[in-house]
Amino acid sequence: MNNTENHIYVIFGASGDLTKRKLVPALYALFVQKMLPEKFVLLGASRSDFSDDEFRSRMREAIIKFKEIDDESQVDQFVKKLFYTSISFDDEAAYQKLSDRIKSLRKEFNINGNTIFYLSTPPSLYGIIPQKLAAVELNKQNDGWKRLIIEKPFGYDLESAIQLKELLLKDWKEEQIYRIDHYLGKETVQNLLVTRFSNGIFEPLWNRNYINHVEITSAESIGVEKRGGYYESSGALRDMVQNHLLQVVGLTAMESPSSLDPIAIRNEILKVFQSLRPIKKEDVKNVAIRGQYLSSKIKGEQVPGYREEEGVKPKSVTETYAALKFYIDNWRWGGVPFYIRTGKRLPTRVTEVVIHFKPTPHFLFSQNDVCQSCNQLVIRIQPDEGILLKFGMKTPGSGFDVQNVNMAFHYSDLSNQRIPSAYERLLHDTMKGDSTLFARTEEVLEAWKFLTPVIECWKNDKDVPLFGYPAGTWGPQNADDLIENKKMTWRYPCKNLADDGVYCEL
Ligand code: BG6
């Protein structure tokens, strides 16, 4: 449904990777589905010197290469809406030129002052661009709304995040700022809310009385690819844990919001973050494991180790794997360990939440392994999106042997409707002014606060090991030591929802 107002969408960093891989293909998908407003202009801005036509032809290629939607018939029509201006980001005069270009496009296409500014630039510019936009009054809403979209990471640590917050709030109102965390745009992440709060059967069990522990994995099979430069200043903790994984924790652990109002939902997530038990400095080595991938053979092909990747220092100590154990100190979760892990160059790409239920109080049947009576609910975010329930059944034949069986729902069975990509959903939300799926400052700051001891310890304490792991494996074995029950390990998920095991077909 098209319920967006006419506007101009300005993308800073328009010559970058995110613009071509995600943003423009997502905008094209919205265009094909008639979800863009009648009058819409995309203005790309970055340092490179392109003409409008050069930009259009690059974006045309990108739309076809990084295809979001099957229909390619309208690409030519769409690219007519694209324009480009080169900009030197810290030059004041360049913003006046930008403002003039926006004004002339407005006039040409008869669009009022509604404007979105998307910062898809290196994070070091997140403070500079909004300030300069304000200097030429491009933050003023007298002639139409102005919105600012900021990519993650919001800050580098707690201190820099506070500084950035204060800087932005000097010229922009909180409701004008949209902090994007693309995990929140994933259909299956939103489905966490629906699974939990539309089913009476889960809620009574969703607490410390019935849940033994919660495990969240976000694994990637790719390495850092061409992003070594960025990743060196980030690492797995900042790149994935501080934002994506903690947001998934928030949705898994939150109380039911009073309504679907964005503030009601964001408040409940914030409360989870405020209840995270602070990690003591001296405990970091026992509750946080870091690793870095080493060169290895994957399916017969030699792949480089992290230190051999482009843009990475030969002696880099940046982690490409991070696993944490922590607690949420509230009535629902008191005493329930949460285990989260993420890594690059793991065996497969998979993101999932696993709820491990407590065993029965007295197990009557023959038991082959420690988890014979432990039920698991696996909520698969990607790929093979769906939900898997594992429970015990009698093995046919004499005696009362129990075996675990699977009951799986695959999201693809729900309908043959295509699932919109995360960026498609979030870009459309920014056009509607719906901030439900965007992180608020307080959440971001709480997340940094929680991780500060780990960040500091990994930076300063040379005795905390950085484990190497061969590319294509499940990361450092030491991460298994985090699991309290020594007879249990992490779940080793495969591509298919129902399969698991360290050596499964990937
Ligand atoms: C990004 C990270 O935010 O998320 C990347 O910067 C990571 O390093 C990506 O690869 C993972 O996203 P997805 O949607 O593929 O799980």
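These questions and answers cover the ligand site and the nonpolar core of a predicted model.

Local features need pLDDT of at least 70, side-chain atom pairs count only at pLDDT 80 or more, and totals for chains, interfaces and linings use all residues. Residues are numbered from 1 along each chain as its sequence is written, and side-chain values use heavy atoms, with hydrogens and water left out.

Colleague: How far does a polar side-chain atom of His244 lie from an oxygen atom of the ligand?
Modeller: Take His182 beforehand: one of its polar side-chain atoms is 2.8 Å from a ligand oxygen. For Arg349 the value is 3.1 Å. Polar contacts are N or O pairs within 3.5 Å. For His244 the distance is 2.7 Å.

Colleague: How much of the ligand's accessible area does the protein cover?
Modeller: Areas come from the Shrake-Rupley method with a 1.4 Å probe. On its own, the ligand has 400 Å² accessible. The protein covers 85%.

Colleague: Which residues does Leu27 touch, not counting those up to four places away in sequence?
Modeller: Contact means heavy atoms within 4.5 Å. By that rule, Leu27 touches Ile11, Leu36, Phe40, Leu42, Phe78, Leu427 and Met431.

Terms used
Polar contact = N/O pair within 3.5 Å; in protein donor to acceptor, adjacent residues only side chain to side chain.
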